[in-house]
Amino acid sequence: MSDSPGYAPPPIWTWKTESGGRFANINRPVAGPTHDKELPVGRHPMQLYSLATPNGVKVTVMLEELLALGHGGAEYDAWLIRINEGQQFGSGFVAANPNSKIPVLVDRSGPTPIRVFESGAILLHLAEKFGAFLPTDAAQRAECLSWLFWQMGSAPYLGGGLGHFYAYAPTKIEYAIDRYAMETKRQLDVLDRRLAESEYLAGQDYTIADIAVWPWYGALAKGLLYGAGEFLQVQQYANVQRWTNQIAQRAAVKRGRMVNRTSGEPSSQLHERHDASDFDTRTQDKLEAPG
Ligand SMILES: N[C@@H](CCC(=O)N[C@@H](CS)C(=O)NCC(=O)O)C(=O)O
């Protein structure tokens, strides 16, 4: 790999498998499955195939919020997909999500299973199905969807831009880090100004907009993403801090964060969730306990 400042792109790009950096082993320039592997199916109406990254946490928080409201139809099996081992390239996973990324939901509540990929589409599918966390008033609904889609468009600059070049790229490139640090701080300021005038992103109610934005920008505000808290001076964003702390206190959020989680305190990791009681009995500290 060349890190020379004088690098000039060749006329035709070719794939150099030794390109380096974290995730180099799973990145490919082609789509489609690499191996045959069916997805497991559990007993609940909702089958989730995921990992507790910010994109995965959105869906487990949403399902736990729906269950907390009493929507039994949101009962779910959460299966672990280890993306660093390439499990998103199994044939069953690719059939459910041709884009090979977590999270994927298969809604098996009706006669024909419905696949839903892209976390925003999953949140909208669940919100519409259960009539929850999505305002019905036209203006509030538009505000909610605007912030929901803001997250889908903005987070790639945070993750694929700042996160990649600040934390993961094999060389530190000042131009790239400057560009994405500036954009990430601008995004934090967008949120901070909105949350100065409104308790939640869509207005006075907690909605799928908050559920989508919080796992990314709440984690960033707490210094949990890319070790970039001090670098970006995240404490400056007082309204983002207030909103982050408020949402973190919700019981469903605390549960949703644990599902499909494979790092951190063993007591915070519930690798798979197949029953509400799993939070009490199947966290890693209990599964690993001797005897
Ligand atoms: N826009 C997608 C992004 C999903 C995504 O990027 N998932 C990552 C983990 S956070 C993934 O599965 N990466 C595996 C890969 O790229 O091979 C969504 O919101 O669902």
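Mentor: A polar contact is a pair of N or O atoms within 3.5 Å; within protein, one must be able to donate a hydrogen and the other to accept it, and residues adjacent in sequence count only if both atoms are side-chain atoms. This is a predicted model: local features need pLDDT of at least 70, side-chain atom pairs count only at pLDDT 80 or more, and totals for chains, interfaces and linings use all residues. Residues are numbered from 1 along each chain as its sequence is written, and side-chain values use heavy atoms, with hydrogens and water left out.

Trainee: How many helices and strands does the protein have?

Mentor: Helices (H or I, at least four residues) and strands (E, at least two) are DSSP runs, numbered from the N terminus. On that rule, the secondary structure comes to 11 helices and four strands.

Trainee: What is the radius of gyration of the protein?

Mentor: The radius of gyration is taken over C-alpha atoms, and the globule rule is 2.2 Å times the number of residues to the power 0.38. For 291 residues, a compact globule would come out near 19 Å. The protein agrees with that, at 20 Å.

Trainee: What box do the C-alpha atoms fill?

Mentor: Take the box along the principal axes. Its dimensions are roughly 60 × 50 × 45 Å.

Trainee: What share of the residues counts as buried?

Mentor: Buried means under 20% relative accessible area, exposed over 50%, and partly exposed in between (1.4 Å probe, protein chains only). Apply that to the 291 residues, and the buried share is 46%.

Trainee: What share of the exposed area do carbon and sulfur atoms supply?

Mentor: Accessible areas come from the Shrake-Rupley method with a 1.4 Å probe; for residues, only the protein chains shown count as cover. The protein exposes about 14600 Å². Carbon and sulfur supply 53%.

Trainee: Where is arginine 273, and is it buried or exposed?

Mentor: Arginine 273 sits in the loop between helix H9 (251-258) and helix H10 (278-281). Its relative accessibility is 1%, so arginine 273 counts as buried.

Trainee: Which side chain is joined to arginine 273 by a polar contact?

Mentor: Start with the surroundings. Contact means heavy atoms within 4.5 Å. Leaving aside neighbours within four places in sequence, arginine 273 is in contact with ten residues' worth of names including His44, Glu64, Asp77 and Phe279. The 3.5 Å polar contact is with the side chain of glutamate 64.

Trainee: Which helices do the buried residues of H9 pack against?

Mentor: Those buried residues are Ala252, Val253, Gly256 and Met258. They pack against helix H1 (54-68), helix H6 (208-221), helix H8 (238-248) and H10.

Trainee: Which residue with a positive phi follows H9?

Mentor: Look just past the end of H9. The phi there is near 60 degrees, and the residue is asparagine 260.

Trainee: Which residues does glycine 163 touch?

Mentor: Glycine 163 lies in helix H4 (residues 138-168). At 0% relative accessibility, glycine 163 counts as buried. Not counting residues up to four places away in sequence, glycine 163 touches Leu158, Tyr168 and Tyr226.

Trainee: Why does tyrosine 226 count as buried?

Mentor: Tyrosine 226 lies in the loop between H6 and H7. Its phi is positive, about 60 degrees, although tyrosine 226 is not a glycine. It is buried because its relative accessible area is 17%.

Trainee: Is phenylalanine 149 buried or exposed?

Mentor: Phenylalanine 149 is also found in helix H4. Its relative accessibility is 51%, so phenylalanine 149 counts as exposed.

Trainee: How are we to class glutamine 233: which word fits its accessibility?

Mentor: Glutamine 233 is in the loop between H7 and H8. Its phi is positive, about 50 degrees, although glutamine 233 is not a glycine. At 41% relative accessibility, glutamine 233 counts as partly exposed.

Trainee: What separates the C-alpha atoms of glutamine 236 and glutamate 183?

Mentor: Glutamine 236 has its place in the loop between helix H7 (229-232) and H8. At 51% relative accessibility, glutamine 236 counts as exposed. Glutamate 183 is 53 residues apart from it along the chain, and the C-alpha separation is 16 Å.

Trainee: Which peptide bond is cis?

Mentor: Look at the loop between helix H2 (91-96) and strand E3 (104-107), where proline 103 lies. Omega is near 0 degrees for the bond from isoleucine 102 to proline 103.
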